[in-house]
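Let's take a walk through a protein chain together, stopping wherever the backbone or a side chain has a story to tell. Keep the picture open as you read.

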Amino acid sequence: MNGATAYSATPTQALAEGAEAALRCGNWNRALDLAREVLVRHPERAEAHFVAGVALLERREAQAAAGHLRLALDALPQRADVAAQTARALSLLQRLPEAVEAAVRALALRPADAYTLDTLGVVFSRAQDHARAAEVFRLAIARMPERASYRFNLGAALTFCGDPDAAEREFEACLALDPQHWRAHSALSQLRRVSRERNHLERLSSLLPAAAGDADALLHLHHALAKEHEDLGDSAAAFDHLRRGKALRRARIGYCFERDAELFAALQAAFHDPIEDGIGHPSAEPIFVVGLPRTGTTLVERILTSHPLVQSAGELQNFGVALKRASGSRTRHLLDPDTIARAGSLDWGALGRAYIDSTRPLTGSQPRFVDKLPHNFLYLGYIARALPRARIVCLRRDPLDTCLSNFRQLFALNTPYFDYALDILDTGRYWQAFDALIAHWRRVLPGRFLEIDYETIVQDQEGATRRLLAHCGLDFDSACLAFERNAAPVATASATQVREPIYRSAIGRWRRYERELAPLRALLGR
């Protein structure tokens, strides 16, 4: 470890050197055990706090890691790697303003090692600053061009920045270095529509034997194959790849719909009566755009953020994190029956203030901002209490198109929000639960949110835009009709689609899969 203070060859020094060696080798448990032994003898030793913090991060114990790394940074303020790992821990805890502050501090120290630079790029990406992330990833690649993961990270940032050609070059460079970088295959397939003359079907199919038994690898490969077969008009093959790709992961995680059904029931029970206004924080800045994924939430965000008074905050977990902290719940999941039970009588003004504060410095440059995390539909009762002046827009879409689009999507694997999408019938059951919850919110939050259909926006863009702006208390601006010219980065699955004008081809897509969706149609009663 650079910058370590020299000690004589004592038992403590031997432990410290062993901890650092274990960290370099990726033996996180050994590194943590040895660092803790050092700290029992010398609690002030900054290097041991750093080793413990990094090891805890690798073990996904971000809360404990942050404590150690803060102590290390206080003692080693000129160490860019310490500041970068502190930023990483804060980012994982959704403490984004503090994470960005630590990342900027680390960058100002001009780190020379590629790993620290890549870590900072990831922090900026998580804070939705994809342009700065791309700059930092380029610096990391300049120092270590042979690292495939750095190429992938740059490709992802460039995708969000709307530069598919450059993103394609980086994903191909990643795969040249590591042909089994599975995420790069699925990301590459999503960049553009393929043709019979230009596609990746042969390469993807040839990799299936190497991925056998690896649920995540198969998920990425089959999703890529499904996307390209659909582009070529072979819906039966596309659906078969989706089914095969998702089956092993669904079996591995043991998902059952009853878990989500219990959550929806707990929310409805917690908000039995109509919710009164005026008890929370007075800010009118937030506009929450919610709904099931793939129903037009990004389209609405781009329309709204094309207005000169509105900025995008991206998909923020911040409200859920603020509620979890305020509730005092210690359970694993961000929202569950325990959290709901403990959040019955909070200081709603303090919760609203905590949410607004947590969005800084990402927000605040314009009078209004859009938070378009789709699953905030779960929190509408809490949002209404904590931020009574916030505006809420809920997207709806044909249920068959909604379910198919969710099943077609490769969602983040590190969140339980989307486990339902591993099976088409579970997706149908989730849609039914969503529909019932929105009906419940409609009853207890009369007039508080606007429901608008994706199909309505596509068929009457100007009329729908005027309704959206009026609901949000904004004057009409013609820029909102040309949202495809909005140059702001897009960090969602729709990053490529929203660079184009409104198109109608997604309406009724389910009809291409009419035979495969027969069980879903029966479930939904269509």
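**A walk along the chain**

Our first stop is Arg-60, which sits in the loop between helix 3 (46–58) and helix 4 (62–75). Before going further, keep in mind that this is a predicted model. Arg-60 isn't a glycine, yet its phi is positive, about 65 degrees. Is Arg-60 buried or exposed? Its relative accessible area is 80%, so Arg-60 is exposed.

Now slide along to Gln-94, in the loop between helix 5 (80–92) and helix 6 (96–108). Gln-94 also isn't a glycine, and its phi is positive at about 65 degrees. The surroundings are another matter: Gln-94 has a relative accessibility of 15%, and residues under 20% are called buried, so Gln-94 counts as buried.

Next, look at Glu-168, which is part of helix 10 (residues 164–177). Glu-168 carries a relative accessibility of 15%, so this one counts as buried too. What does the side chain of Glu-168 join up with through a polar contact? The partner is the side chain of Arg-198, at 2.9 Å. If you skip residues up to four places away in sequence, Glu-168 touches Leu-188, Leu-191, Arg-192 and Arg-198.

One of those neighbours, Leu-188, takes us to helix 11 (residues 182–190), where the buried residues are Trp-182, Ala-184, His-185, Ser-186, Leu-188 and Ser-189. What do they pack against? The buried residues of helix 11 lie against helix 9 (148–160), helix 10, helix 12 (201–207) and helix 13.

Helix 14 deserves a longer look. This helix covers residues 235–253, which makes 19 residues, and spans 27 Å from its first C-alpha to its last, close to the 27 Å expected at 1.5 Å a residue. There is still a bend in helix 14, of about 30 degrees at Ala-247. Here's a handy idea for reading any helix: an α-helix has 3.6 residues a turn, so residues three or four places apart point the same way. Now check which residues of helix 14 are buried: Ser-235, Ala-237, Ala-238, Phe-239, His-241, Leu-242, Gly-245, Lys-246 and Arg-249. They pack against helix 13 (215–231), helix 21 (399–408) and helix 22 (424–444). Asp-240 lies in helix 14 as well, but with 27% relative accessibility Asp-240 counts as partly exposed. The C-alpha of Asp-240 is 7.7 Å from that of Ala-226, and the two residues are 14 apart along the chain. Just after helix 14 comes Gly-254, with a positive phi near 70 degrees.

Time for some rings. A pair of aromatic rings is described by the distance of the centres and the angle of the planes. The count here is 18 aromatic pairs. Take Phe-319 and Tyr-379: the ring centres are 5.9 Å apart and the planes are at 75 degrees, so this pair is edge-to-face. Phe-319 is in helix 17 (residues 318–327), while Tyr-379 is in the loop between strand 3 (368–371) and helix 20 (380–386), so to speak a link between distant parts of the chain, 60 residues apart. Both Phe-319 and Tyr-379 are buried. Then compare Trp-348 and Tyr-382: their ring centres are 6.2 Å apart with planes at 35 degrees, so the pair is tilted. Trp-348 belongs to helix 19 (residues 348–358) and Tyr-382 to helix 20, so this pair ties together parts that are 34 residues apart in sequence. Trp-348 and Tyr-382 are buried as well. These four residues belong to one aromatic cluster, which also includes Phe-271, Phe-288, Tyr-355, Phe-369 and Trp-441.

Between helix 19 and strand 3 there is a loop holding Pro-361. Which form does the peptide bond from Arg-360 to Pro-361 take? This bond is cis, with omega near 0 degrees.

What about the cysteines? The structure holds 0 disulfides. For Cys-161, the nearest cysteine sulfur is that of Cys-174, 18 Å away. Cys-403 is in no disulfide either, and the nearest cysteine sulfur, belonging to Cys-394, is 15 Å away. Cys-161 is partly exposed, with a relative accessible area of 26%, whereas Cys-403, at 1% relative accessibility, counts as buried.

Our last stop is Ile-502, in the loop between helix 24 (461–471) and helix 25 (518–524). Ile-502 is partly exposed, at 22% relative accessibility. Apart from neighbours within four places in sequence, Ile-502 is in contact with Leu-299, Ile-457, Val-458, Gln-461 and Phe-483.

Notes:
Residues are numbered from 1 along each chain as its sequence is written. Side-chain values use heavy atoms; hydrogens and water are left out. A disulfide is a pair of cysteine sulfur atoms within 2.5 Å. Buried means under 20% relative accessible area, exposed over 50%, partly exposed in between (1.4 Å probe, protein chains only). Helices (H or I, at least four residues) and strands (E, at least two) are DSSP runs, numbered from the N terminus. The expected span of a helix is 1.5 Å times one less than its number of residues. The bend at a residue is the angle between axes fitted to the seven residues ending there and the seven starting there. Contact means heavy atoms within 4.5 Å. A polar contact is a pair of N or O atoms within 3.5 Å; within protein, one must be able to donate a hydrogen and the other to accept it, and residues adjacent in sequence count only if both atoms are side-chain atoms. Rings of Phe, Tyr and Trp (its six-membered ring) pair if their centres lie within 6.5 Å; planes under 30 degrees apart count as stacked, over 60 as edge-to-face and the rest as tilted.
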